[in-house]
Amino acid sequence: MAHRLAEIAGWVGGRLLGDGEAGIEGLRPLGEAGPGDLAFAAGAGAEGAARASRAGALLVAAPVEGFAGAQIVVADPRAAYGEVLERMHPPRRAVPGVHATAVVDAAASVDPGAEVGPFAVVGAGSRIAAGAILDAHVVVGRACEVGEDCLLHAHAVLYDGTRIGAGCIVHAGAVLGSDGFGYRPVGGVPRKIPQVGHVEIGEQVEIGANTTVDRATLGVTAIGAHAKIDNLVQVAHNVTVGRGAILCAQAGVAGSTRLGDGVVLAGQAGVTDHRVVGAGARVSAKSAVMKDVEPGQDVAGIPAVPAPLWRRQQALLRRLADWAARLRRLERQLGREREEGPSD
Amino acid sequence: MAHRLAEIAGWVGGRLLGDGEAGIEGLRPLGEAGPGDLAFAAGAGAEGAARASRAGALLVAAPVEGFAGAQIVVADPRAAYGEVLERMHPPRRAVPGVHATAVVDAAASVDPGAEVGPFAVVGAGSRIAAGAILDAHVVVGRACEVGEDCLLHAHAVLYDGTRIGAGCIVHAGAVLGSDGFGYRPVGGVPRKIPQVGHVEIGEQVEIGANTTVDRATLGVTAIGAHAKIDNLVQVAHNVTVGRGAILCAQAGVAGSTRLGDGVVLAGQAGVTDHRVVGAGARVSAKSAVMKDVEPGQDVAGIPAVPAPLWRRQQALLRRLADWAARLRRLERQLGREREEGPSD
Amino acid sequence: MAHRLAEIAGWVGGRLLGDGEAGIEGLRPLGEAGPGDLAFAAGAGAEGAARASRAGALLVAAPVEGFAGAQIVVADPRAAYGEVLERMHPPRRAVPGVHATAVVDAAASVDPGAEVGPFAVVGAGSRIAAGAILDAHVVVGRACEVGEDCLLHAHAVLYDGTRIGAGCIVHAGAVLGSDGFGYRPVGGVPRKIPQVGHVEIGEQVEIGANTTVDRATLGVTAIGAHAKIDNLVQVAHNVTVGRGAILCAQAGVAGSTRLGDGVVLAGQAGVTDHRVVGAGARVSAKSAVMKDVEPGQDVAGIPAVPAPLWRRQQALLRRLADWAARLRRLERQLGREREEGPSD
């Protein structure tokens with residue numbers, strides 16, 4: 001289903017150079033795009049690649065001389081590209097109804113506008129709002145709430161008492177509300193401390209595949225609205241994740257830690273327990289936050305330090321061999337003979 | 001369902017100051033507790049917070065002057081708190097019976113006192129003991145054993161031959177008995193080595209959500225009794241995990257490594273293959289054990305070294321810039337001119 | 001079902017010393033093997049262990065003097081062992097048929113030679129080839145292709161459009177084709193960029209338990225033939241993994257990165273986005289690749305550097321305390337008094 005170029009230019013409020021009646025079938029990267037495709041050119045080196053592109057049309061910040069196809073000029077081509085992608089691929093909508101094989105408890109409430117897939121299970125006291133989709137094999141425990149237009153992919157699991165706001169996406173295999181990891185030593189071995197809190201997730205949150213969010217020991221583990229959590233991330237009991245925070249794949253947040261609004265954890269980063277990471281702070285990939293982080297700060301390293309300091313430390317480390325040599329030279333110059341043997 | 005304060009004091013063997021007939025409905029943190037709640041006060045700064053708390057009653061090590069509510073004096077308020085939590089939230093008990101939708105092989109044996117949930121699958125030759133709960137969508141392969149009073153949460157998977165002792169908890173999405181990661185080069189590509197061992201798990205073990213424990217190539221991957229394993233942990237083929245060991249979230253243990261009794265791996269820690277980590281050793285968060293670790297030792301870093309050495313190294317690293325400056329000054333003082341250009 | 005020793009010697013083209021009619025029931029490690037078992041002896045110290053072994057027979061590179069049982073002499077005992085294991089434990093074969101509880105869309109095509117287990121779901125437009133096995137609870141979305149003789153273990157999930165070549169193994173809980181992690185800032189919060197590409201997996205690939213492979217934003221996330229991916233690995237959108245690459249447990253590869261043929265990522269290693277890791281390169285455990293890596297290079301560290309340099313840096317770090325002392329001594333020798341206070 002092709003879209004007219006004039007229509008696309010209208011979506012993004014862009015200025016069209018070329019034939020508005022030309023049809024665009026899809027979006028592709030500059031280097032792969034063909035006559036029926038739209039691509040975008042932005043950033044260093046993009047102009048050369050744009051000129052060589054076989055794309056039918058381009059989204060650009062300024063007209064590219066020598067490009068054969070049509071062009072749509074917009075302030076931010078990358079953002080416009082995201083917008084076109086969204087128009088051409090609107091989110092899946094619920095096909096209302098409960099699959100014959102689903103097991104919905106008599107004391108659960110599923111809105112007639114919700115879609116419940118094969119083998120889905122919904123426990124007593126749970127409420128599934130209009131427009132929500134429970135894909136195949138989704139398990140919703142007891143006393144849960146799933147907001148309007150949520151999309152729970154296959155095999156997602158909600159333990160009892162989990163609440164999810166409107167418009168959330170939960171990917172396959174994600175587990176929300178599993179027990180926090182709490183024990184006390186009794187007789188020389190760890191003994192489970194009951195985990196009786198729950199998980200609350202704000203609206204428009206996305207949770208990645210096979211990610212785990214534990215329930216609180218008491219009270220709540222809370223994920224703020226618009227937070228985006230990637231695959232295989234661990235969020236421990238009693239954690240608070242701020243509005244619009246971004247947790248990349250395999251990041252982990254230990255118990256009772258609070259991440260402020262807009263915090264970014266890059267891939268495989270970790271934060272130890274009972275820490276506070278201020279709003280807008282950014283933690284580099286593979287780093288480990290072991291102290292509180294100020295709002296807006298960029299940190300890196302294990303343990304994490306301010307990013308400029310980390311870069312300086314890395315630069316210093318690369319010079320260690322040079323220093324060793326210089327130190328040795330100074331010692332020789334001073335005629336010093338070390339009693340404890342060779343200097344290196 | 002409220003409990004009388006006198007009854008609670010009895011559970012923990014504490015001395016009650018206040019009205020024994022007062023009802024307690026739940027437990028909450030000091031700062032959030034209200035008149036119907038019990039909280040505990042322990043550690044630095046707790047006394048001030050206790051005095052300001054609106055909790056109906058406190059568990060304390062010594063009476064807090066000026067606190068308005070009741071108090072229960074015990075030797076270890078934190079432990080007593082765990083105990084009260086356990087009394088007020090006893091573990092879920094099996095509701096005996098097999099759900100109509102479950103698929104239990106004719107050659108499997110499910111005790112009449114076990115609970116088997118919707119869409120659960122139990123393979124030929126497997127035995128499910130009394131009191132065990134297989135939640136919705138649990139898959140138990142062939143020739144498995146699930147001990148008494150085990151709780152397997154939704155979507156847990158046991159490959160063929162997996163054995164689990166009594167009283168274990170396996171969280172949603174955990175996979176026990178998947179193939180070990182073993183290949184041999186044939187014709188320039190890796191070729192699978194069949195993994196024909198199995199997994200054995202002692203009693204009272206807890207396995208976190210989406211955690212994976214691989215079967216042995218030959219023989220057994222063994223998790224000792226009372227071990228507690230958090231979410232998203234990887235335990236590779238032929239590993240042995242000791243009794244009461246604690247593996248925090250996203251930790252990983254490579255093939256054939258042996259963790260002694262009571263070993264603690266903090267979050268995102270790793271141990272390479274064929275290592276021995278002695279009983280009671282503790283590995284810091286984000287560390288990587290690449291050599292054997294002595295019993296009782298605390299290690300940290302990548303590669304992991306004894307924790308005091310790691311801390312010393314970190315302190316030294318922070319002084320690198322200072323040393324560079326001092327080295328430069330010494331060189332200047334000695335009138336040295338370096339042939340190879342500026343010193344930094 | 002025992003095998004005659006002469007038959008086993010024939011499988012591996014070995015020279016048999018001993019009774020060819022003796023029966024071998026299984027394979028075991030040297031130290032655990034008994035009279036009915038075959039073991040292998042290779043590497044340093046193996047000869048002593050071989051002599052003491054109670055195994056019925058050994059695979060060896062040269063005859064072991066003083067060993068009581070039979071021996072099969074081969075060029076590479078370890079490889080021969082893998083081969084015997086493979087002969088004695090051939091891969092599971094499909095038992096053709098679709099389980100009565102499975103939900104197969106009318107517009108899907110399941111070959112009569114495929115096996116579809118209980119509660120499996122196959123979406124419209126998907127094709128399941130002959131010999132393929134979909135174990136219990138496997139979910140195959142729409143427009144997927146599952147090649148001949150694939151084995152999808154319980155709870156594996158394929159999102160719409162995922163294609164898997166012949167002979168692949170996908171372990172329990174693995175998720176293929178989940179959305180890539182892409183957002184653009186709109187109104188101060190991240191807004192989802194539709195992820196409309198897909199995942200393509202070559203033949204003979206193995207994917208570990210609870211591993212996640214995201215679909216491309218546009219185009220394809222591609223896993224090359226014979227690649228082997230362990231448990232809990234993250235492969236992000238638009239990544240390319242080369243033929244025969246090995247990704248160990250908990251490794252992660254960020255968006256658009258290309259791993260060449262035969263690349264090895266050790267456990268918990270990570271590669272940041274838009275990197276190129278050349279063919280045959282090897283990344284050490286827990287390392288983080290932040291720059292491109294040349295073909296054939298071994299790298300280690302955070303950020304990863306060539307492995308010899310990393311080892312040199314580690315050695316230098318261990319000497320920091322010594323240097324600090326030497327620097328102090330030089331300063332004293334020069335009668336220098338530092339204005340800014342004690343030197344350490």
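Through which surfaces do the copies, chain A and chain C, meet? This is a predicted model, in which local features need pLDDT of at least 70 and side-chain atom pairs count only at pLDDT 80 or more, while totals for chains, interfaces and linings use all residues. Residues are numbered from 1 along each chain as its sequence is written, and chains are lettered from A, with ligands numbered from 1, in the order in which they are written.

**View 1. Chain A and chain C as copies.** A turn of 120 degrees with a shift of 0.0 Å along the axis lays chain A on chain C with an RMSD of 0.1 Å, the copies being superposed by least squares on the C-alpha atoms of residues with pLDDT of at least 70 in both. That is the relation of a three-fold axis. Only 19% of the interface residues of chain A are also interface residues in chain C, so the copies meet through different surfaces.

**View 2. The domains of chain A.** Chain A is divided into domain 1 (3–88), domain 2 (97–307) and domain 3 (315–344), with bounds that come from an automatic or database domain assignment. The centres of domain 1 of chain A and domain 3 of chain A, taken over C-alpha atoms, are separated by 60 Å.

**View 3. Burial in chain A.** Of the 344 residues in chain A, 56% are buried, a residue being buried if 20 or more other C-beta atoms, placed from the backbone, lie within 10 Å of its own. Along the principal axes, the C-alpha atoms of chain A fill a box of roughly 85 × 75 × 30 Å.

How values were computed. Two residues are in contact if their C-beta atoms, placed from the backbone, lie within 7 Å. A residue is buried if 20 or more other C-beta atoms lie within 10 Å of its own, exposed if 12 or fewer, and partly exposed in between; C-beta atoms are placed from the backbone.
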